[in-house]
Amino acid sequence: MTFAGRTVVHGIGLRVPSGTFFGLVGPNGAGKTTSLSMATGLLRPQAGTVRVFGVDLWRDPARAKAMLGVLPDDLALPERLTGREVLTYLGLLYGMDKQVVAERAQELLALLGLLEAERTPVAGYSAGMRKKIGLATALLHGPQLLVLDEPFEAVDPVSAATIRAILRRFVDSGGSVVVSSHEMALVERLCDHVAVIVDGKVAAAGSLHQIRGAGSLEDAFIRLAGAENTVTGGLSWLSS
Ligand SMILES: Nc1ncnc2c1ncn2[C@@H]1O[C@H](COP(=O)(O)OP(=O)(O)OP(=O)(O)O)[C@@H](O)[C@H]1O
């Protein structure tokens with residue numbers, strides 16, 4: 001993908017095996033969000049293909065997207081609607097049965113602790129609440145593959161535990177999850193497969209065990225992404 005003449009993602013080739021929990025990690029600006037946007041139909045790639053369970057996403061988007069649940073980095077929401085209204089609106093837009101939408105919305109809002117904000121339009125949601133309603137929209141239609149861009153960012157520990165449990169159950173029942181995250185410990189805890197993206201390319205991909213080797217994922221990340229930054233000089237103005 002090239003933005004204004006600058007190529008930021010160079011032919012990323014990744015395969016997410018069915019039933020896996022796949023972590024995408026990489027330094028800031030490495031191209032994770034750009035790659036996930038291209039993989040989920042939000043950004044048209046200038047070359048290459050995306051297949052969701054064999055369906056070409058860019059040739060048959062409706063069929064591919066029916067299997068996909070996506071939490072984009074910067075989710076645009078209908079700001080004046082409450083969480084329940086957002087879910088109802090999207091569910092009906094997807095062509096789902098009204099009763100099914102109502103039941104799932106209730107269950108998701110309760111699980112994610114959003115019932116207390118029943119009357120709050122999403123414009124008044126906190127960053128973590130926005131993540132949670134975004135996750136609910138990704139789950140609502142019962143996808144087979146979830147692609148979540150930093151789903152735990154700004155989420156409190158109790159909600160994070162709930163989200164981990166939801167995702168774990170999803171994978172245990174045959175679903176596949178792709179998450180991008182900067183939290184190496186979380187990725188190590190959740191994911192069985194990992195790809196490290198550096199400078200718009202896949203620096204390493206494979207099972208968690210293969211990528212981290214004998215050390216931690218953080219060690220592998222630092223090794224693949226470049227030398228550890230140490231602040232040796234400068235910033236003298238920072239100390240009083
Ligand atoms: N719409 C855009 N126009 C111009 N440049 C862009 C655009 N979107 C992304 N970029 C650039 O592409 C590169 C990759 O960005 P991207 O958001 O994919 O990185 P990332 O790995 O998700 O980073 P982070 O971990 O900080 O979220 C960055 O250099 C960014 O500035």
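Which residues touch the most other members of the largest nonpolar core? In this predicted model, they are A136, V147, L148 and V177, four of the 59 residues that make up that core. Helix α5, running over residues 127–139, gives the most to the core, with six residues. Domain 1 (1–59 + 144–227) and domain 2 (75–142) both chip in, so the core lies between them. That kind of grouping fits a broad trend: in soluble globular proteins, nonpolar side chains tend to be buried together.

L148 is a handy place to start looking around. Setting aside its neighbours within four places in sequence, L148 is in contact with L71, L135, A138, V177, V178 and V179.

## Two domains

Now zoom out a bit. The protein is divided into domain 1 (1–59 + 144–227) and domain 2 (75–142), and their C-alpha centres lie 24 Å apart. Where they meet, 11 residues of domain 1 are in contact with nine residues of domain 2. On the domain 1 side, β7 (145–149) and α6 (157–172) each supply at least two of the touching residues. Helix α6 has the largest share there, with four residues. By class, that side of domain 1 divides into seven nonpolar, two polar and two charged residues.

As for records, an unreviewed UniProt entry carries the annotation "domain: ABC transporter" over residues 1–224. In the model, the end C-alpha atoms of that span lie 22 Å apart, and the span is 39% helix and 18% strand.

## Around the ligand

What surrounds the ligand? The shell is made of F3, A4, V8, G26, N28, G29, A30, G31, K32, T33 and T34. Sorted by class, that gives four nonpolar, six polar and one charged residues. Helix α1 (residues 32–39) brings the largest share of the shell, three residues.

Is α1 itself largely enclosed or largely open? Eight of its eight residues are buried, so α1 is largely enclosed by the rest of the structure. The buried residues are K32, T33, T34, S35, L36, S37, M38 and A39. Among the elements covering them are β3 (21–25), β7, β8 (176–180) and β9 (193–198). Just past the end of the helix, G41 takes a positive phi of about 85 degrees.

## Two loop residues

Two loop positions are worth a look side by side. L43 sits in the loop between α1 and β4 (51–52), while P143 is found in the loop between α5 and β7. L43 counts as partly exposed because it has 16 C-beta neighbours inside 10 Å. P143 is partly exposed too, with 19 other C-beta atoms within 10 Å; being buried would take 20 or more.

The table pairs each one with a residue elsewhere in the chain.

| Pair | Separation in sequence | C-alpha to C-alpha distance |
|---|---|---|
| L43 and V194 | 151 residues | 23 Å |
| P143 and S176 | 33 residues | 9.3 Å |

And what do these two touch, not counting residues up to four places away in sequence? For L43, the contacts are M1, T34, S37 and M38. T34, S37 and M38 are also listed among the buried residues of α1, and T34 belongs to the shell around the ligand as well. For P143, the contacts are M67, L68 and G69.

Notes
Residues are numbered from 1 along each chain as its sequence is written. This is a predicted model: local features need pLDDT of at least 70, side-chain atom pairs count only at pLDDT 80 or more; totals for chains, interfaces and linings use all residues. A nonpolar core is a set of buried Ala, Val, Leu, Ile, Met, Phe, Trp, Tyr and Cys residues joined through C-beta atoms within 7 Å. A residue is buried if 20 or more other C-beta atoms lie within 10 Å of its own, exposed if 12 or fewer, and partly exposed in between; C-beta atoms are placed from the backbone. Domain bounds come from an automatic or database domain assignment. Two residues are in contact if their C-beta atoms, placed from the backbone, lie within 7 Å. A residue is near a molecule or strand if its C-beta atom, placed from the backbone, lies within 6 Å of it. Ala, Val, Leu, Ile, Met, Phe, Trp, Tyr, Cys and Pro count as nonpolar, Asp, Glu, Lys and Arg as charged, and the others, Gly among them, as polar. UniProt positions are given in the numbering used here, feature names are shortened, and annotations may be inferred rather than shown by experiment.
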